[in-house]
There are 2 protein chains.
Amino acid sequence: MSEENKAIAAAFYQKCLNEGDVETAFRLYAGTTYRQHNPLIEDGMEGVRKFVAWIRENHPDARGEVKNIFSDGDYVILHSHWHGLSDNPRGEAVADIFRLQNGKVVEHWDVIQSIPEIAANNNTMF
Amino acid sequence: MSEENKAIAAAFYQKCLNEGDVETAFRLYAGTTYRQHNPLIEDGMEGVRKFVAWIRENHPDARGEVKNIFSDGDYVILHSHWHGLSDNPRGEAVADIFRLQNGKVVEHWDVIQSIPEIAANNNTMF
């Protein structure tokens with residue numbers, strides 16, 4: 001189930017954010033409700049649709065590269081490197097957490113950090 | 001194994017960050033190497049020791065409250081709410097990822113975001 005959930009959350013992420021097709025993403029992969037914890041985004045599909053439209057208009061080259069994906073029961077966690085979402089040439093590190101119910105994405109949390117220019121180690125944030 | 005890894009990573013986190021006892025944390029729970037991906041922290045125990053000393057000196061009331069913990073194979077992910085780490089009264093949302101090897105913590109990534117004052121939904125970041 002966990003491996004299946006990983007595939008579902010990854011496909012939802014890709015379809016919404018990198019392909020910008022929020023309606024198809026929700027039709028295929030999301031539940032009837034979608035509880036949003038990103039403070040910039042309203043609840044539900046409409047919130048994601050508006051957010052993705054804003055990204056596409058203001059940062060048309062923005063892309064998230066999923067570096068690692070984890071799952072535990074109903075939860076899937078993605079660790080990603082975003083480019084083009086801001087003026088920072090190094091991009092952002094992002095952790096997304098999705099909760100699934102019966103194989104459908106129903107809740108989302110994330111944490112986003114701008115990658116600093118100087119680092120105290122040589123390991124990158126990924 | 002995953003449940004055991006959760007307990008080990010949670011104990012390491014608590015001992016290092018909330019109790020400030022980095023040496024005991026590393027002696028009990030960390031491997032012989034510790035690869036650091038937080039750009040503010042140097043590799044190894046010494047990096048964590050310096051970082052925690054800085055927190056304790058500058059933000060003695062800083063505390064991380066673990067809201068959720070996930071594991072997948074060798075990886076454990078903690079989703080936490082930090083208070084007192086900055087001037088932001090709402091605190092920070094943090095995602096930590098630990099990799100374990102034979103039950104010892106050997107690698108760490110994190111993503112940290114200041115919680116904004118205004119949110120587009122009523123669900124909090126947790």
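Across the interface of chain B and chain A, 28 residue pairs are in polar contact, counting pairs with both residues at pLDDT 80 or more. Keep in mind that this is a predicted model. Salt bridges add to the picture: there are two between chain B and chain A. One of them joins A:Lys6 to B:Asp72, with 3.0 Å between the closest N and O atoms.

On the side of chain B that touches chain A, five strands each supply at least two residues. Here they are with their residue ranges:

| Strand of chain B | Residues |
|---|---|
| β1 | 30–36 |
| β2 | 63–72 |
| β3 | 75–83 |
| β4 | 92–101 |
| β5 | 104–114 |

By residue class, this side of chain B has 20 nonpolar, ten polar and six charged residues. Each chain brings 36 residues to the contact. Together, chain B and chain A bury about 2900 Å², and carbon and sulfur atoms account for 57% of that area.

Now for a helix pair inside chain B. Helix α2 (residues 22–29) and helix α3 (residues 44–58) of chain B have axes that come within 9 Å and cross at roughly 150°. The crossing of α2(B) and α3(B) is right-handed. From α2(B), the contact uses B:Val22, B:Glu23 and B:Phe26, while α3(B) offers B:Gly44, B:Met45, B:Val48, B:Arg49 and B:Val52. Sorted by class, the residues of this helix contact comprise five nonpolar, one polar and two charged.

Notes:
Residues are numbered from 1 along each chain as its sequence is written. Chains are lettered from A and ligands numbered from 1 in the order in which they are written. This is a predicted model: local features need pLDDT of at least 70, side-chain atom pairs count only at pLDDT 80 or more; totals for chains, interfaces and linings use all residues. Side-chain values use heavy atoms; hydrogens and water are left out. Contact means heavy atoms within 4.5 Å. Buried area is the accessible area (1.4 Å probe) that two parts lose on being put together, summed over both. A salt bridge is a side-chain nitrogen of Lys or Arg within 4 Å of a carboxyl oxygen of Asp or Glu. A polar contact is a pair of N or O atoms within 3.5 Å; within protein, one must be able to donate a hydrogen and the other to accept it, and residues adjacent in sequence count only if both atoms are side-chain atoms. Helices (H or I, at least four residues) and strands (E, at least two) are DSSP runs, numbered from the N terminus. Ala, Val, Leu, Ile, Met, Phe, Trp, Tyr, Cys and Pro count as nonpolar, Asp, Glu, Lys and Arg as charged, and the others, Gly among them, as polar. Axes are lines fitted to C-alpha atoms, for helices over the stretch in contact, and angles run from 0 to 180 degrees between N-to-C directions. A crossing is left-handed if the near helix is turned anticlockwise from the far one by less than a right angle, and right-handed if clockwise.
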